[in-house]
Amino acid sequence: MTTLLIADLHLHPDAPEVTEGFLAYLAKRASQADALYILGDLFDAWIGDDILDTPDHDPLAAQVVEALKALSDGGTRLYLMHGNRDFLLGTRFADACGATLLPDPYRVELGGKPVLLMHGDSLCTRDEAYMAFRAQARDPQWQAQVLAMPLEARLELAKSLRQQSGEANSNKAEDIMDVTPEEVDKALLEHDVATLIHGHTHRPGVHVLEVDGQPARRLVLGDWQPQRGWEVCIEAQRPPHLLEFPLSGG
């Protein structure tokens with residue numbers, strides 16, 4: 001049994017190398033696994049599932065759906081979690097891919113042990129401005145208002161939000177944008193697990209912790225770039241391990 005976990009691909013038309021590498025990853029690597037979990041920010045922006053009605057308008061979305069559906073049809077179980085960029089992904093997109101949309105956080109048994117999966121943004125509580133935006137973006141009423149906007153207006157909103165996020169982050173201290181250690185401990189204790197896997201921070205690594213006197217680990221997935229990708233691999237009787245690999249569309 002092999003389970004793969006990835007996050008923060010930020011697929012975008014302006015980054016074709018990442019898209020090509022991701023499609024190759026699905027065909028060559030993920031197709032050999034029993035399950036693939038995508039822990040948020042599959043897309044750099046997602047403006048609503050109705051984009052699937054206009055494949056000519058967004059060929060990237062149609063291409064990704066086709067590849068993910070081929071993966072799930074081939075027998076690899078597929079799971080999706082919202083990120084801070086694609087929080088409008090809905091059940092229609094998941095159904096089109098043959099995927100299951102997961103809540104955040106999500107406790108699951110992998111490799112014979114309980115593991116907590118998160119996107120990771122909810123752990124960054126020291127970034128008060130972002131946490132305020134996150135609360136708004138997860139509000140069903142706000143989402144309904146956005147989805148009621150014309151397609152072109154939503155595209156402009158997504159562009160504006162990306163620009164504002166980049167400008168805001170450039171002025172923030174590095175530690176503010178990382179997880180709050182106390183929040184990590186709280187999540188591990190609340191869900192009674194010793195392993196947490198998340199993305200979002202773009203700071204890949206394995207952190208050895210002690211929580212309530214017990215050993216624990218936090219594995220952080222990296223963001224995908226044209227040259228490389230990141231995954232956590234979980235196999236039976238083996239602890240989860242973080243892997244960096246060269247990204248190739250060939």
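Where is the place of N84? In this predicted model, N84 sits in the loop that runs between β3 (77-81) and α3 (91-97). N84 is one of the residues covered by the annotation "binding site" in the unreviewed UniProt entry, together with D41, H119 and H200. These residues are spread over 160 residues of sequence, yet they cluster in space, with a largest C-alpha distance of 8.3 Å.

A closer look at N84 and H119 fills in the picture. N84 counts as buried because its relative accessibility, 13%, falls under 20%. Leaving aside neighbours within four places in sequence, the contacts of N84 are D41, H119, D121, Y130, R138 and H200. H119, for its part, belongs to the loop between β6 (113-117) and α4 (128-137). H119 is buried too, with a relative accessible area of 0%. Not counting residues up to four places away in sequence, H119 touches a set of residues that includes D41, N84 and H200, and also D8, D104 and H198.

Aromatic rings offer a second theme, with a count of 11 aromatic pairs. The rings of Y25 and F245 are stacked, since their centres are 5.4 Å apart and their planes stand at 10°. Y25 comes from helix α1 (residues 16-28) and F245 from strand β11 (residues 238-246), so this pair ties together parts that are 220 residues apart in sequence. Both Y25 and F245 are buried. The rings of F43 and W46, with centres 4.8 Å apart and planes at 35°, make a tilted pair, and F43 and W46 are likewise buried. Finally, Y25 and F245 join F22 and W224 in one aromatic cluster.

Definitions and conventions:
Residues numbered from 1 in each chain as written. Predicted model: local features only at pLDDT ≥ 70, side-chain atom pairs only at ≥ 80, totals over all residues. Heavy atoms only, no water. UniProt positions renumbered as here; feature names shortened; annotations may be inferred. Helix = DSSP H or I, 4+ residues; strand = E, 2+ residues; numbered from the N terminus. Buried < 20%, exposed > 50% of the residue type's maximum accessible area, 1.4 Å probe, protein only. Contact = heavy atoms within 4.5 Å. Phe/Tyr/Trp six-rings, centres within 6.5 Å; stacked < 30°, edge-to-face > 60°.
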